[in-house]
Each structure stands twice: as C-alpha cells, then as structure tokens.
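Here are some notes for a colleague who is opening this entry for the first time. They are best read with the structure on screen.

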Amino acid sequence: MHDDDLDDAPATAAADEAPLSAVAQHGEREVETALRPRTLADFVGQPRVREQLQLVLESARRRGVPPDHVLLSGPPGLGKTSLAMIVASELDRAIRITSGPALEKAGDLAAMLSNLAEGDVLFIDEIHRIARPAEEMLYLAMEDFRVDVVVGKGPGATSIPLEIPPFTLVGATTRSGALTGPLRDRFGFTGQMEFYSSGELEQVLARSAAILDIALDAEGRAEVARRSRGTPRIANRLLRRVRDYAEVRADGRATLPVVRAALEVYDVDELGLDRLDRAVLGALVRSFGGGPVGVSTLAVAVGEEPGTVEEVCEPYLVRAGMLARTPRGRVATGLAWEHLGLGPPAEPGGVDVTSASLFD
Ligand SMILES: Nc1ncnc2c1ncn2[C@@H]1O[C@H](COP(=O)(O)OP(=O)(O)O)[C@@H](O)[C@H]1O
Ligand SMILES: [Mg+2]
C-alpha cells in the first residue's frame, strides 16, 4: 500500500481508543473545548506560526479589511482547530465551522457561503477531503468573493452569479500534500504546525491541570510531557488518566511515582510507546531480523490492519528514530534494538540503518 492511498480517519475502532492516539476520541470534544486556549497569548508553543499569524491579523486589523485566507497544516492534535477559533476571536468575528467531508456537493458550500456576514471566519477542517465541485466553487469564492450557482440541468441550465461578503477562510489539513495546487495557491498564509518540545508540553499540562483542578507536581508534569509524543491532545488525555489513578489509588496528588504507576497501567512506556508500537518493533526485530520488511507483512505479524500500523504507529516510531521507511521496506534502527533491551543486530538486513533513516 502506498502512503497516498490512506485517509487520515482512524483505520480501526481499536486505533481510535488507544490512549496514545493523536486523533480526538469519542466523548472527548467537551473536555477539549474546556481546555482550548482562547487567545494567541494563551496558545503555548508554535512560536513561528504564532508570530506570523499575529502579523497577518494585526496588519489586516489596521487596514480594516478581513485578513488573507489561512491554511494550517500538520499532524492531528497539535492545535489547528484551536488556532482557527483563536483567529476568529482575535478578530472579534463569528466563526462558521464545517469540514471537507461535509462538503460533498457544491450546493453544500454555497449554502455555507451565502450565510456568511462580512468579516466572518469560515473554518473548513480536513480541507483536503473536500469534493471536487465544491473545491472549484471555493476558488472563485476565495478570490473574488463570488460564486456561480447553477440552476437547472442539461441545456436549460443557467448559472447565476451570487456576491458573497468578504470573509476569511481558515483551512486545516493533516495532509497538505493531498491539496491541489490551485487550492493551496489561494491561501495567503500557510502555518506549518510542528511537534511540541517537552518544555512546551509541560506548559500545556500546567495550564490544563489548573483548569481541571488536578494536583500535578513539577516532576510528574515533566514525566507526562516526555511520554506525550510531542502532542498536546495526548498530553491532556494522559493527564486525565493520571488524575483517575491519583484519585482512586493515591491521595489525589499526581507525583512522579503516581504518574509512573498510572502510565504503566495504560501501557505507555518511557518514550511514549504503547503496546502496539512495541509489538511492531518487536516483530520487526525478532521475526524479521530488523528488516527490511513490507508494511503488510509486518501488520499480519502483529495482527493489525496495515493502515493502523502505517498511520497510527509508524509516524511516531519514525520521528523517534526507531523505524525507517526505505524503498525496500521497514527497517529497525539501532535505537529500536536498544529500546527493546536487545543487543545490536548481528546482520542488519543488508541495509545501512543510518542512511536508511533519511528516507521519508
Ligand atoms: N498550543 C496549545 N496550547 C494549549 N493547548 C493546546 C495547544 N494546542 C492544542 N491544545 C490542546 O489540544 C487539544 C487538541 O487541539 P486541536 O486544536 O483540536 O488540535 P487539531 O485540530 O490540530 O487536531 C485541544 O483541546 C487543546 O486543549
Ligand atoms: Mg482539529
């Protein structure tokens, strides 16, 4: 299977339930809303995107016009939706929210657009999944604040131009590579979201712990941050699991030993790997001598869908420097052997693992 064949929807229900999934889970929206930063100043990390966005917004405010359209791109859980809402609140404007998959027909988008008031922010999440006819309508709307609504069918069909008030589109995507060129070109500003450092995640956790009234000490905070895969959504979720443990099995205070014991229960190891991640690495190393091996073969070995292995496990294993995607298949790096408590490979599968990690 090729990377581009994949959608970013969770491949299986199991992946959706995993404590370390970066995708929002069932019933998580409400608590996420409570924890969302409301202003740019409240938004931790992403110094580059924050500064760039601040300039875009401030300059538009001074000129008294709606700012350029904004595209936010990056992996799930890094704060794209939060930033979109912040754009609207910093501009003191209403936000209308929809998503690529919801815009199946051009008419769906036309309805959204014709309901906008001047200066409103239109947020389209997962914008790379927008249907073609809606996308083409969006070009004109973004550029000329106009849409052509086609009425009727066949030879009698006529197109009626419809003016729409100037607005700002904020698009979010986990796969900017899947966006068509013409759509990408119509955004005046693209913010590329990066994974968070442990220090930044500690700040996120301090803020969340205060909001949720959880007694998380500095050492405990550092430990949760280290295991959160650079992702605020995961940090916030692990924080809630730690709270549960602290309340039920301890005196409510999340100290370092409490955090460690809690994360042990949820199978989150020191580097933020879960059971499936370790199974994938274990199979790669033990059954296939460190690779190279195809992702489908690897998936069969751990009893999972190839999509889950590819979308849920691999991105973090690659980023953590434990797995490399090479043209010949997946390869375990020295770090993977080490993490599993094994010696270096006797025969590294004929692939130089150091240079192999440069692929992808
Ligand atoms: N920079 C940040 N500062 C504080 N909390 C954040 C930040 N980014 C994300 N979060 C938290 O992580 C959760 C997921 O963020 P979200 O904006 O929904 O991510 P995305 O849309 O990129 O998947 C939010 O509920 C919010 O609490
Ligand atoms: Mg989002």
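1. A term first: two strands count as paired if DSSP finds at least two bridges between them. The model is a predicted one. In it, strand β10 (residues 323-326) and strand β11 (residues 329-332) are paired in the antiparallel sense, with 4 bridges. The link from β10 to β11 is a hairpin of 2 residues. One bridge to look up is that of T326, whose partner in β11 is G329.

2. On the whole chain: there are 16 helices and 11 strands. The radius of gyration is 23 Å, close to the 21 Å that the globule rule gives for 360 residues, so the chain is as compact as a globular protein of that length. Along the principal axes, the C-alpha atoms fill a box of roughly 70 × 50 × 30 Å. Buried residues make up 41% of the 360 in the chain. Among contacts with a separation of 6 or more, 69% join residues that are 24 or more positions apart.

3. On domains: the assignment divides the chain into domain 1 (46-192), domain 2 (198-265) and domain 3 (275-356). Taken over C-alpha atoms, the centres of domain 1 and domain 3 are 39 Å apart.

4. On the annotation: UniProt, in an unreviewed entry, places the feature "domain: AAA+ ATPase" at residues 66-194. In the model this span is 30% helix and 28% strand, and its end C-alpha atoms are 26 Å from each other.

5. Where does the largest nonpolar core lie with respect to domain 2 and domain 3? This core has 45 residues, and L205, A235 and V280 are those with the most contacts inside it. Helix α10 (residues 232-249) supplies the largest share, 6 residues. Both domain 2 (198-265) and domain 3 (275-356) give residues to the core, so it lies between them.

6. Which residues does V280 touch, once its neighbours within four places in sequence are left aside? The contacts of V280 are then L298, V302, V309 and C313. Apart from the core just described, there is a second, separate one of 37 residues. Its members include L53, L71, L78 and I130.

Terms used:
Residues numbered from 1 in each chain as written. Chains lettered and ligands numbered in written order. Predicted model: local features only at pLDDT ≥ 70, side-chain atom pairs only at ≥ 80, totals over all residues. UniProt positions renumbered as here; feature names shortened; annotations may be inferred. Domains from an automatic or database assignment. Rg over C-alpha atoms; globule rule 2.2 N^0.38 Å. Buried ≥ 20, exposed ≤ 12 C-beta atoms within 10 Å, placed from the backbone. Contact = placed C-beta atoms within 7 Å. Core = buried A, V, L, I, M, F, W, Y, C linked by C-beta atoms within 7 Å.
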